Amino acid sequence: MEGFVDFTNRCQGRDQLFRATQYTCMLLSYLIENKADKKKLVMKLKQLESSMSSGRKMFRLGNVVHALVAARRSAALPAAVPRLCLTASHLSRALYFLCDAVLWLRSAGLQPRIDGPKWHHWATKCYYCSLLLNLARDCYEICWRLEQAALEEKTKENCFWQEHSEEINGVKSDGLHSFLCQLFQILKRNPPLLLDLVKNLCDLSGPLDTLGIYKTNSGVIGFCGLLSSLVGILTLASPHLKLKQ
């Protein structure tokens, strides 16, 4: 089982490269599609985008098992909120990969009678649910760190009240500014949390558009997908930048 998980981890690296190429093609196609002399280039970019999408489905065939192993591991986390969010997220992602595998069978011609649009809709819903759960976990991490920072600040106030009373009153008079500064400092001191938050927010653009919740265009989806892919490649290349699951 461990060997299989290691194999899927390597496949994830290839998937991120394919994903970055796919969304780069989507973004470039959007930027030049209205230029009359670039029609052939746009067609080639869209063909490459389609090929990358099909290739990614093949790389993700084993990810159902990988997601289930991750769900079992996250179910042992001590904190209740991360345990619930991550376990449910991994299970939703496993369902997404299962739907994706069914779509691959259809695209490969092995099961041509499969209802593609229906399975694609289910896959998108599962992916969307997984992203929302990941964002809930990110929000929990941010709130927990804000609470810790507030406790530290309160301790400092109690210790140095007389010396810093004017500064403290100044901070209290602008609560929003203080909150934003504190949030900035927390994200600055926790790059894995910041990268995970950016990645999840960027990944939302696709499902929101597909499900009709918030319609956008291929340029926005391409840009967000490319940024998310670059973050994914960065965390794979530097594991210490990946938020612990």
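**Notebook: cysteines, core and rings**

I started with Cys85, which counts as buried because its relative accessibility is 9%, under the 20% cut-off. The model I am reading is a predicted one.

**Cysteines**

I looked for disulfides and found zero in the structure. For Cys85, I checked the closest cysteine sulfur, which belongs to Cys139. The distance is 9.3 Å, too far for a bond, because a disulfide needs the two sulfur atoms within 2.5 Å. I then turned to Cys129, which is in no disulfide either. Its nearest cysteine sulfur is that of Cys126, 7.4 Å away. I noted Cys129 as partly exposed, because its relative accessibility is 33%.

**Nonpolar cores**

Next I asked which residues have the most contacts inside the largest nonpolar core. I wrote down Tyr96, Phe97, Ile142, Leu193 and Leu204, out of 21 residues in that core. Five elements are listed as giving two or more residues to this core: helix H3 (63-74), helix H4 (80-107), helix H5 (116-159), helix H7 (175-189) and helix H8 (191-203). H5 supplies the largest share, eight residues. I also found another core lying apart from this one. That core has six residues, including Ala20, Met26, Leu27 and Leu226.

**Tyr96 and its rings**

I went back to Tyr96 and listed its contacts, leaving aside neighbours within four places in sequence. They are Arg60, Ala123, Cys126 and Tyr127. Cys126 thus appears in my notes twice, as a contact of Tyr96 and as the holder of the sulfur nearest to that of Cys129.

I then counted aromatic pairs and got three. One of them joins Tyr96 and Phe97, with 5.2 Å centre to centre and 50° between the planes, and I logged this pair as tilted. Both residues are buried.

How are the rings of Tyr96 and Tyr127 arranged? Their centres are 5.0 Å apart and their planes are at 25°, so I logged the pair as stacked, because planes under 30 degrees apart count as such. Tyr96 lies in helix H4 and Tyr127 in helix H5, so this pair ties together parts that are 31 residues apart in sequence. I checked burial for each ring: Tyr96 has a relative accessible area of 14% and is buried. Tyr127 is buried too, at 15%.

My last entry is the cluster: Tyr96, Phe97 and Tyr127 are linked by ring pairs.

Terms used
Residues numbered from 1 in each chain as written. Predicted model: local features only at pLDDT ≥ 70, side-chain atom pairs only at ≥ 80, totals over all residues. Heavy atoms only, no water. Core = buried A, V, L, I, M, F, W, Y, C linked by side-chain atoms within 4.5 Å. Buried < 20%, exposed > 50% of the residue type's maximum accessible area, 1.4 Å probe, protein only. Helix = DSSP H or I, 4+ residues; strand = E, 2+ residues; numbered from the N terminus. Contact = heavy atoms within 4.5 Å. Phe/Tyr/Trp six-rings, centres within 6.5 Å; stacked < 30°, edge-to-face > 60°.
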